[in-house]
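Welcome to this guided tour. Open your viewer, keep the selection tool handy, and follow along one stop at a time.

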Amino acid sequence: MATAQVLAFMQKTAEDAKLRHELETLLGVGDGNISGAAELDAEELAALRGEMAPKVVDFASQHGFEFSTDELVQVVDSFAQHQAGEISDDEFSGILGVPVNREHAEHKRRIANPLQRLARYLSKTYLGIDPDEESD
């Protein structure tokens with residue numbers, strides 16, 4: 001499935017600093033990390049939807065990812081619509097063919113505050129306390 005190839009390429013930009021830098025240079029905007037809705041900024045979205053899309057498809061092909069310009073634009077549009085709240089999690093996952101992990105979403109909602117995340121990390125790492133096992 002080509003959508004999976006687009007998503008794999010996008011994820012790779014978070015993992016591979018060299019690839020991320022090359023993409024940043026190619027796009028001329030953003031930081032090259034296009035791995036998710038939170039990482040895509042307005043300039044990157046515009047570039048990926050516009051005249052840079054064919055160049056990004058060629059670039060991705062050189063790195064072993066095969067998908068069309070239309071497929072790239074469809075995925076990027078889906079990310080933008082989800083980011084803007086125009087489509088639900090279920091619609092978003094349906095478009096991308098990726099199941100929604102409701103437990104993960106609930107977990108993220110519960111620890112959205114950065115201080116809570118830090119406290120959870122420190123508790124687990126240094127004190128050996130698992131906050132998930134404590135009663136709410």
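Start with a word about confidence: pLDDT is the predictor's confidence in each residue, on a scale from 0 to 100. The mean pLDDT of this protein is 78, and 70% of its residues reach 70 or more. This is a predicted model, in which local features need pLDDT of at least 70 and side-chain atom pairs count only at pLDDT 80 or more, while totals for chains, interfaces and linings use all residues. Residues are numbered from 1 along each chain as its sequence is written, and side-chain values use heavy atoms, with hydrogens and water left out.

**Stop 1: the whole chain**

Show the protein as a cartoon. How many helices and strands does the protein have? There are eight helices and zero strands, so named because helices (H or I, at least four residues) and strands (E, at least two) are DSSP runs, numbered from the N terminus. Read from the N terminus on, the elements run α-α-α-α-α-α-α-α.

Now colour by confidence. Helix H7 (residues 102-110) has the lowest confidence, with a mean of 50, and H4 has the highest, at 94.

Next, think about inside and outside. Buried means under 20% relative accessible area, exposed means over 50%, and partly exposed lies in between (1.4 Å probe, protein chains only). Of the 136 residues in the protein, 32% are buried. A contact here means heavy atoms within 4.5 Å. Among contacts between residues at least 6 apart in sequence, 43% join residues at least 24 apart.

**Stop 2: the core**

A nonpolar core is a set of buried Ala, Val, Leu, Ile, Met, Phe, Trp, Tyr and Cys residues joined through side-chain atoms within 4.5 Å. The largest one has 30 residues; select Phe-9, Leu-48, Phe-67, Leu-72 and Phe-79, which have the most contacts inside it. At least two residues of this core come from each of H1, helix H2 (17-27), helix H3 (42-49), helix H4 (53-62), helix H5 (69-83) and H6. Which helix gives the largest share of this core? H5 does, with six residues.

**Stop 3: Phe-9 and Thr-13 in H1**

Select Phe-9, which sits in helix H1. Phe-9 is buried, because its relative accessible area is 0%. Leaving aside neighbours within four places in sequence, Phe-9 is in contact with residues including Leu-19, Leu-23, Val-56, Phe-59 and Phe-67. Add Gly-64 to your selection: Phe-9 and Gly-64 are 55 residues apart in sequence, and their C-alpha atoms are 8.8 Å apart in space.

Move along to Thr-13, in helix H1 (residues 2-15). Is Thr-13 buried or exposed? Thr-13 counts as buried, because its relative accessibility is 0%. The side chain of Thr-13 reaches the backbone nitrogen of Ile-34 at 3.0 Å.

**Stop 4: where H4 meets H5**

Two packed helices are described by the angle between their axes and the distance between the axes. Axes are lines fitted to C-alpha atoms, for helices over the stretch in contact, and angles run from 0 to 180 degrees between N-to-C directions. H4 and H5 pack at an angle of about 105°, with their axes 9 Å apart. They are therefore roughly perpendicular to each other; angles of 65 to 115 degrees count that way, those under 35 as roughly parallel, those over 145 as roughly antiparallel and the rest as oblique.

Show side chains here: Ala-53, Pro-54, Val-56 and Val-57 in H4 meet Thr-69, Leu-72 and Val-73 in H5. Pause on Leu-72, which is buried because its relative accessibility is 0%. Leu-72 and Val-6 are 66 residues apart in sequence, yet 6.1 Å apart in space, C-alpha to C-alpha.

**Stop 5: H5 and H6**

Select Phe-79, which touches Leu-7, Met-10 and Phe-92, among others. Now pick Phe-92 itself, found in helix H6 (residues 89-96). With 13% relative accessibility, Phe-92 counts as buried. The C-alpha atoms of Phe-92 and His-82 are separated by 6.5 Å, although the two residues are 10 apart along the chain.

Keep His-82 on screen and add Asp-89, also in helix H6. Asp-89 counts as partly exposed, because its relative accessibility is 37%. What does the side chain of Asp-89 make with the side chain of His-82? The two make a polar contact at 2.6 Å. A polar contact is a pair of N or O atoms within 3.5 Å; within protein, one must be able to donate a hydrogen and the other to accept it, and residues adjacent in sequence count only if both atoms are side-chain atoms.
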